[in-house]
Amino acid sequence: MDANATSAMHVIKKEDKQSVLRAFISQDLEARRKIGSASVENNDYYVVARSPLSPVARALAELADEMAALGITVHAVFSTPADCATRASTAKDQGSEASVNRQIHDTRLLDAHEMLLLGSGAAWVGDCMRRDPATSDAFERYSANCPFTAASVRSSFEQFWNGARPLTLSWLSELGQGATPPVAMDHDVLASSSLNPLTEPALSVPATRH
């Protein structure tokens, strides 16, 4: 099968972003539970986002307990983490936060896209970080099993990570406490034809602002 066969671009409404991302992450968590975390090649998640309040970060926070149960550590790079910094700094259990965070200080990188890599396989690419993801619809790529997209996201993440500075922020526990339930059930969202990666032709991984 072509490496791009399970990778396609979709238009996602701003109201649906968090619930769809939550469903995407839940699918990976369920797969890990079935095979056992000890059998997973890469047990970490990697995310680049505008802020801890971006839908992708909120979706991860909703599932913080499930990720912790599987021993998953989230490596996060934010461009504008101040949205959550004040509240997060007062969290009582910062030591138990299952995330390692850094902050981007080069404003030129704001034209890059938000992205998420679940281990070494499933990947997501969103809109550019210059735009607030909560205020506009956007083209997003969901790749459940596309080596090409996963490798591209991993390479981009490493460039962000190497150029960012360490950041003390307990966003998973802070946001997870006030996370809202998803709009749709996980399986209902993933089963919808609009999110079936096999219904659309493969597209190149977005690398610049659109």
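Is Asp-127 buried or exposed in this predicted model? Asp-127 counts as buried, because its relative accessibility is 7% and the cut-off for burial is under 20%. Its side chain meets that of Arg-131 in a salt bridge, with an N to O distance of 2.8 Å. Arg-131 itself is partly exposed, at 32% relative accessibility. The pair thus joins a buried acid to a partly exposed base.

Asp-127 also belongs to the lining of the largest cavity. The structure holds 1 cavity of 30 Å³ or more. The volume of the largest cavity is about 50 Å³. Besides Asp-127, its lining includes Trp-124 and Gly-126. Lys-17, Leu-21, Pro-55, Val-56, Glu-114, Pro-133 and Glu-140 are also among the lining residues. Three elements each give two or more residues to this lining: α1 (17-35), α2 (55-62) and β6 (122-128). The largest share, 3 residues, comes from β6. By class, the lining divides into 5 nonpolar, 1 polar and 4 charged residues.

Salt bridges were then searched across the whole structure, and 8 were found. Side chains of opposite charge can pair when their charged atoms come close. One of these bridges lies between Arg-32 and Asp-28, at 2.6 Å from N to O. Arg-32 and Asp-28 are 4 residues apart in helix α1, so about one helical turn separates them. Both partners are buried. A further bridge links the side chains of Lys-14 and Glu-15, at 3.4 Å from N to O. Here Lys-14 is partly exposed, with a relative accessible area of 34%.

Arg-32 appears again in the surroundings of Ile-72. Ile-72 is found in the loop between α3 (64-69) and β3 (73-78). This loop residue counts as buried, because its relative accessibility is 1%, and burial means under 20%. Neighbours within four places in sequence were left aside in listing its contacts. The remaining partners of Ile-72 are Leu-29, Arg-32, Asn-43, Asp-44, Tyr-45, Met-67 and Ala-98. The C-alpha atoms of Ile-72 and Asn-42 are separated by 9.2 Å. Along the chain, Ile-72 and Asn-42 are 30 residues apart.

Conventions. Residues numbered from 1 in each chain as written. Predicted model: local features only at pLDDT ≥ 70, side-chain atom pairs only at ≥ 80, totals over all residues. Heavy atoms only, no water. 1 Å grid on protein atoms, 1.4 Å probe; cavity = no way out; pocket = protein on both sides within 12 Å on 5 of 7 lines; lining within 4 Å. Points joined across faces, edges and corners; volume = space filled by probe spheres on them. Nonpolar A, V, L, I, M, F, W, Y, C, P; charged D, E, K, R; others polar. Buried < 20%, exposed > 50% of the residue type's maximum accessible area, 1.4 Å probe, protein only. Contact = heavy atoms within 4.5 Å. Salt bridge = Lys/Arg side-chain N within 4 Å of Asp/Glu carboxyl O.
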